[in-house]
Amino acid sequence: MKLELLADHPNLLPIIAKWYFEEWGCLSKDKTLDTEIENLQAYLNPGEIPLILIAIGNGQPLGAAQLKYHEMSIYPDKVHWLGGVYVSQEHRGKGIASQIILELIAIAKKLKIKTLYLQTENLSGGLYRQLGWLPIEQVNYHGIEVLVMELIIKD
């Protein structure tokens, strides 16, 4: 398995968009697969935010996650976010999400980011808690209960 930027594999963008649309597209009545593809074009950056890191095995995408700005409008002061952590159904439970997240943290560190935030529907914090993220608060955001977490990136 290799971890690479989606910017280096733009041909995989429709697959990542399909994953995201099927997982979270229902949360917005205005979203379509085409708008998801269009929105993800902004993530085709080689070394700056927003970006998507993908796990690739045997030439196929296995999972993906994003570094982005301002994921939740209710937190305008929280700038850098981890989001869109997704592993395809048949590859879950193999540690792929952890590897992607840890590599994104390393990228954030290279970009001199000091704090990352995320939101998760797993109110226990799940994998993120295991990886050192700390809960900030539980909120109802767009009708869904989520836990907002932060990670202070050490030098």
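This is a chat between a trainee and a mentor about a predicted model.

Trainee: Before we start, what should I keep in mind about this predicted model?

Mentor: Local features need pLDDT of at least 70 and side-chain atom pairs count only at pLDDT 80 or more, while totals for chains, interfaces and linings use all residues. Residues are numbered from 1 along each chain as its sequence is written, and side-chain values use heavy atoms, with hydrogens and water left out.

Trainee: Thanks! Let's do helices. At what angle do the axes of α1 and α2 cross?

Mentor: Roughly 120°, and the axes come within 9 Å. Helix α1 covers residues 13-24 and helix α2 covers residues 33-40. The axes are lines fitted to C-alpha atoms, for helices over the stretch in contact, with angles running from 0 to 180 degrees between N-to-C directions. Helices (H or I, at least four residues) and strands (E, at least two) are DSSP runs, numbered from the N terminus.

Trainee: Which word describes how α1 and α2 lie to each other?

Mentor: They are therefore oblique to each other. Angles under 35 degrees count as roughly parallel, over 145 as roughly antiparallel, 65 to 115 as roughly perpendicular and the rest as oblique.

Trainee: Is the crossing of α1 and α2 left-handed or right-handed?

Mentor: The crossing is right-handed. A crossing gets that name if the near helix is turned clockwise from the far one by less than a right angle, and left-handed if anticlockwise.

Trainee: And which residues make the contact?

Mentor: From α1 you have L13, P14, I16, A17, K18, Y20 and F21, and from α2 there are L33, E36, I37 and L40. Contact here means heavy atoms within 4.5 Å. By class, that is nine nonpolar, no polar and two charged residues. Ala, Val, Leu, Ile, Met, Phe, Trp, Tyr, Cys and Pro count as nonpolar, Asp, Glu, Lys and Arg as charged, and the others, Gly among them, as polar.

Trainee: Let me zoom in on L33. What does L33 touch?

Mentor: Setting aside neighbours within four places in sequence, L33 is in contact with A17, K18 and F21. L33 sits in helix α2 and is partly exposed, with a relative accessible area of 32%. Buried means under 20% relative accessible area, exposed over 50%, and partly exposed in between (1.4 Å probe, protein chains only). The C-alpha atoms of L33 and E22 are separated by 8.5 Å, with the two residues eleven apart along the chain.

Trainee: And L6, is that buried or exposed?

Mentor: L6 counts as buried, at 0% relative accessibility. Its place is in the loop between β1 (2-5) and α1. Leaving aside neighbours within four places in sequence, L6 is in contact with L12, L13, I16, L44, I52 and I54.

Trainee: Switching to α3. What span should that helix have?

Mentor: At 1.5 Å a residue, the 15 residues of α3 (residues 96-110) should span 21 Å, and the end C-alpha atoms are 21 Å apart, which agrees. The expected span is 1.5 Å times one less than the number of residues.

Trainee: Which residues of α3 are buried?

Mentor: I96, A97, S98, I100, I101, L104, I105, I107 and A108.

Trainee: I see Q99 isn't listed. What does Q99 do there, contact-wise?

Mentor: Q99 is in helix α3 and is partly exposed, with a relative accessible area of 38%. Not counting residues up to four places away in sequence, Q99 touches M1, L3 and K94. Q99 and A55 are 44 residues apart in sequence and 8.5 Å apart in space, C-alpha to C-alpha.

Trainee: Any backbone oddities? Which residues have a positive phi although not a glycine?

Mentor: N58 has a positive phi of about 50°, and K112 has one of about 65°. N58 is in the loop between β2 and β3 and is exposed, with a relative accessible area of 83%. K112 lies in the loop between α3 and β5 (115-120) and is exposed at 66%. Most residues other than glycine have a negative phi, and most peptide bonds are trans.

Trainee: So where is a peptide bond cis?

Mentor: From I49 to P50, with omega near 5°. P50 is in the loop between α2 and β2 (51-57).

Trainee: Last one: where is K78?

Mentor: K78 is in the loop between β3 (60-69) and β4 (80-87). K78 counts as buried, at 13% relative accessibility. Leaving aside neighbours within four places in sequence, K78 is in contact with H70, Y117 and I136.
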